[in-house]
Structures are given as structure tokens and as C-alpha cells.
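Q: Got a minute to go through this one with me? I'd like to start with the contact between the chains and then look at a few odd residues.

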Amino acid sequence: MHWQPNPGATLNSQILAEACACAEGLGGAKDGRWRTAMTFYRPMPRDSSAPPADVPRDFLGLALHDRPDTYFFILRAHRLVLHADASIQAIMEKLQSYKARVVFNFEGFQYKLGDFRLRVGKCVPSMAETLRGIMMEVEYLPLSSIEKSRQILEEFFDIWQEALAKKSLPGHFIHIESNFADYGLQDHYTSQHTAVQYATCMAQLMAAVRS
Amino acid sequence: MERPGARGAADRRHQDRSRPAPRGALRRRLRPTPPLRPHRPPHHRRGGLHAPPLPGPPGPRQLEDSGVLNPSLKSRGNSWGLHMPLVCPDGAVVAYAWKRQLAGQAGASAVDRTRLALKAFTDQKRRFFPHLEDDLLNHHGESGIAKRLCSSQVLPMSKELVEGKTLADILKNLEHEVPNIRILTYQRRDWSKRASLLSSSVDENHVDPSKEQNLHNWKKLRSASVDQIAVIELLMPSIFRAVVSLHLAGSVNPDAVAFFSPNEGGDYIHSRGISVHHVFRLVTEHADKALQYYLSVDPNNSLPLLLCWICSYQTLFAKVCSKCGRLLMMDKTLALLLPPVHRPYFLTSSVKGQSSDLTKAYHIGCSSEEI
């Protein structure tokens, strides 16, 4: 879920602090920090001419917090997601076919609320301190089926919104569904699903800040 | 087998030889022992040396009136010079003659002593526990009490659930009634292999269980193998995995049940294991109560009742609470967000026979005493 600020309102760290306080208020136990890094790649032409048109321009790389040995690639326009060993980053550095344009870090605190795991964090570029967005990740641990857990997660989201509404913050969290079927993903939830969700969330976040 | 009392008696044996003893009684004088109470077997008594003095020993008439010294006992022949029960010269009554016998170093053999002890215990039991069935050898002492407790709660037997139904019949009926469930059966030692296999399949790749099902599909087992079934796994795909163990392999007596997430794997997955997830831990606790209830109220049909009840949990993450109408709720006592984990298990009589109402679901806080 990403944070949609009210029209005219600005993002600030206070919102993040309030969201963390809300998680604790629901009985959440702080479970450490987390960080996920998203890299926007741009193609590097071998020669000085412009790159061919069919080379994808929205090439995303993702290093997930709980999968340190794996690196995920997403091509949103082509609805492709794949994963490789984490050493692929070193290979890409050597190949120089794609260069990292900008890296965003999603980082914050992790909470355990019974059978739910909550990650509340901010989105900051790695080379700057500006806050680009606030987002959160919710996982219901006993289930792996997206269909079967849909109702539970929707109700959790309602409870969360209710609790947060009491703080009168200038904005609210929005959940945008990712279309996993487009990417060829099944009902059984995997880290590839998470990668797709991050890509969707990132796009929404940037659109929210721009507007 | 020496006892302090006996030792004490042996010491005093030499003290009073001159005193004439009644016919059949041993020539000894014992310090008066306290009267026997029903709940204290005599070998626990600290009688003999330190017994408190009695108000007065009962005379033979009193013994007859109290039923201790009855005509049948008196008329028994003295096979080795002992009456049952013994009346000592001082009037003390010893119901367990084997104790005196040992003290008196009578020449009875072990068989005689055992027979005497058995007779003594039987008589005592008949006297002090008349409501129990007189069938020591078949251990019906305890079940007699259990039967008495059950008789006040027995509900009319269902016509459909017949006594003596086999395990295969029960599983077949369950498959028919609950088509979503996947039933797998195991011998006791095979289950640990299965549990370990589950842990290796808990990763990104969703293992196709059809292969395993072929191995453990109970329908394909020969009748001899059905007798070895000790663990039943009920898998509701993507919702839960329940493990039920049977008391004797091949029987229809469940003795433990536990619920787990279908993603869980490892050695702790068994009928007495505990899930890592709160929701399944709480369902397991509730299932323990349901199992004990079915065993006490309808032991012959406890397995089909339990299995049916387990299958009602297929709606664990979909069915809203019948009281508050919500799916997820914060339990104030546990401080956890939970779906309705309670399903009623109490049996009610209906036209079709005994059944539990499997249509309701309750949060822990919403469920009433009747559940």
C-alpha cells in the first residue's frame, strides 16, 4: 500500500512515525529494520548512436529484504518478471549493457502483529535525503493462497484504516491490486509476486507525488 | 515381604505364649490396630508399633453384625489354620489375612498367599465398593465408574452412525460428504518421513501432492495395510492440514488431533505438535476439547464425528462470525487479530440422528458457554 497525500499536503516523516505508532497500538511488536532496494536501469549503447527502439526502457531491478541471495528483474511494459542469483549485479556491472540510473531505498521498521507481518517504510533515493513516498507491506503468514487470504487482508486493511483515521493525518493509504495473471504468476504467493507489487507500488507512489 | 508392623508382631510373638488363644487364631498378641477404613489399604497403615489405641475391640457378635465375620467365612475349612477375616485374641480384626500369614511365617506357598490376597481384596471391594461390578480380572473396576458417568449423558444413538463401523467406511463416507478434502493415511513410522518431506517442500515451488497421494491414498491400500493405519492427514488445500492419530493402528479410536498451516513442514508436524501460527494453535486447542467431548459422549462414533467437525474448518478464513458478523477481530485477551476459530461441537439430537451444528463459527470472545 502506498501513501496518498491529500491535495496540497506534503509528505513528511511525521506520517511515518504516526503509522509506526499505529502498528504498535494494534499490539504490534517491533521486529527490526528492513530495507529493499529498487534500481532503475537505463540501457547503455555500445556506440554513440541511440539505442534501438525495441530495447526496454523501464527495466527495474529489485533486491528484496528477505531474499538476500536473489535479485529480481521486472519489465513492466512487457509484464515480465524473473529472478536470478544475487551475483547478477556484479555481472551487469562488468557487462555495462545496462547502467543504474537511480536507486530507491524502501526502508523502515518491521512489526509482528500475531499472524500478520507489517513493514512500514519510506522511499528515499540512495543519493539524496528527500522523502519520495511512504508505503507499507502487510503479510498474513499462515496462508500462501492469494484468493484464500484476500478477505482476511481486506478486513485487516479496514481495521488499519480505522486505527489510522483517529490520528487525523493529511492523507491515507491506498492499496492497488497488481494483476499477477498478466505476469504469468499463479495463486500461490511467491517473492516474484512481491517484486511485481513493489513495481506497481513504485509507479503509484511517483504518480501520487507528482500530482 | 517384611513390613514394620509384621516385624513388630514377630517380636512380640514370644512375649505371651502362655495365654490360651481362641481356636484357629494365631498365637500372638498384637497391639490393637485402628479399624480399617475403605480408602486406606492395610499395607499403607503404620500399624503395629505406633498405632493409636482403639476405643474397644469389637466382639464376635459385632463382627457378625457388621458383616465382616459372616457364616460363609466361618464355615470355610481351615486349609492352613487361618480364618478369613482373622480375629485375634485381643479382638482386633484383620481382613487381610495374608499380612498375618506372613508375620506368622505360615508354611503357605506363594500361590496360596496370592490367592488369599486376591480373596481378601475381592471381599473388601465387595464390602466397601458394592456399586462396582464384581469382575476384577477384566479391569472393569474403572470402567464401571466411567459407565455410570456416561449413563447420565447418553444421547439417543444415531441411525446412520452404526456401531462397529470400519475405518475404511468412515474415510469413504467422509470423502463423499466433503469432496474438497484430501485424505491421506500413514503407518506410524511413515508419518515422521512425511513431516520431514513437508519441510523441504516449503519454498517457492509448490510441490504437486498428487504423487504423494498415490502412495498414501487409503483406497489403494490392501485390507491388511488398513489395519496398520495409525495417522490420518486431512489436507484442505491452501487452508489447513489436520493430523489425527489413532490409539491403536487400524482402530477407529482417535487419541490426538492438531492443525497446521499447509505451508508448514518439519518434525514438529504431528498429532500432538503445535503450529507456529497463532490461528492454528488456537484451533488445535479447541479441537482437543472437541475430541474429549466426542470420546466421552459417543466413544463408538468419535472418529467420524471428529473428522466431520474438522472439515467444517474449510471456511476458517471465509466464514464470518455468527455473532458479530465480522471475519477478522482483535481478541482483547490474547491481543491478536483472529478469524472465528471456534466451531461448535456439542451434539444435538435431530431427525437424522446425532450431529454437531457445523454451520456456525465464532470468535473466541464471541463464543458462548454453550459452544
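What follows is a chat about the interface, the cysteines and some backbone angles.

A: Sure. This is a predicted model, so to speak: local features need pLDDT of at least 70, side-chain atom pairs count only at pLDDT 80 or more, and totals for chains, interfaces and linings use all residues. Residues are numbered from 1 along each chain as its sequence is written, chains are lettered from A and ligands numbered from 1 in the order in which they are written, and side-chain values use heavy atoms, with hydrogens and water left out.

Q: How many residues does each chain put into the contact?
A: Chain A gives 21 residues and chain B gives 22 residues, with contact meaning heavy atoms within 4.5 Å.

Q: And what area is buried between chain A and chain B?
A: About 1,900 Å², with carbon and sulfur atoms giving 58% of that. Buried area here is the accessible area (1.4 Å probe) that two parts lose on being put together, summed over both.

Q: How many salt bridges between chain A and chain B?
A: Zero, taking a salt bridge as a side-chain nitrogen of Lys or Arg within 4 Å of a carboxyl oxygen of Asp or Glu.

Q: Which helix of chain A gives the most to the side that touches chain B?
A: Helix H3, residues 146-165, with six residues. Helices (H or I, at least four residues) and strands (E, at least two) are DSSP runs, numbered from the N terminus.

Q: Switching topic: how many disulfides over all chains?
A: Zero, where a disulfide is a pair of cysteine sulfur atoms within 2.5 Å. For A:Cys20, the nearest cysteine sulfur is that of A:Cys22, 9.9 Å away. For B:Cys311, the nearest is that of B:Cys308, at 6.3 Å.

Q: Is B:Cys311 buried or exposed?
A: Buried, with a relative accessible area of 2%. A:Cys20 counts as buried too, at 10% relative accessibility. The cut-offs are under 20% for buried, over 50% for exposed and partly exposed in between (1.4 Å probe, protein chains only).

Q: What about phi of A:Ser168?
A: Near 50°, a positive value in a residue other than glycine. Most residues other than glycine have a negative phi. A:Ser168 lies in the loop between H3 and strand E9 (171-174) of chain A, and counts as exposed at 62% relative accessibility.

Q: Where does B:Ser238 lie?
A: In the loop between strand E4 (231-236) and strand E5 (240-246) of chain B. B:Ser238 has a positive phi of about 70° and is partly exposed, at 28%.
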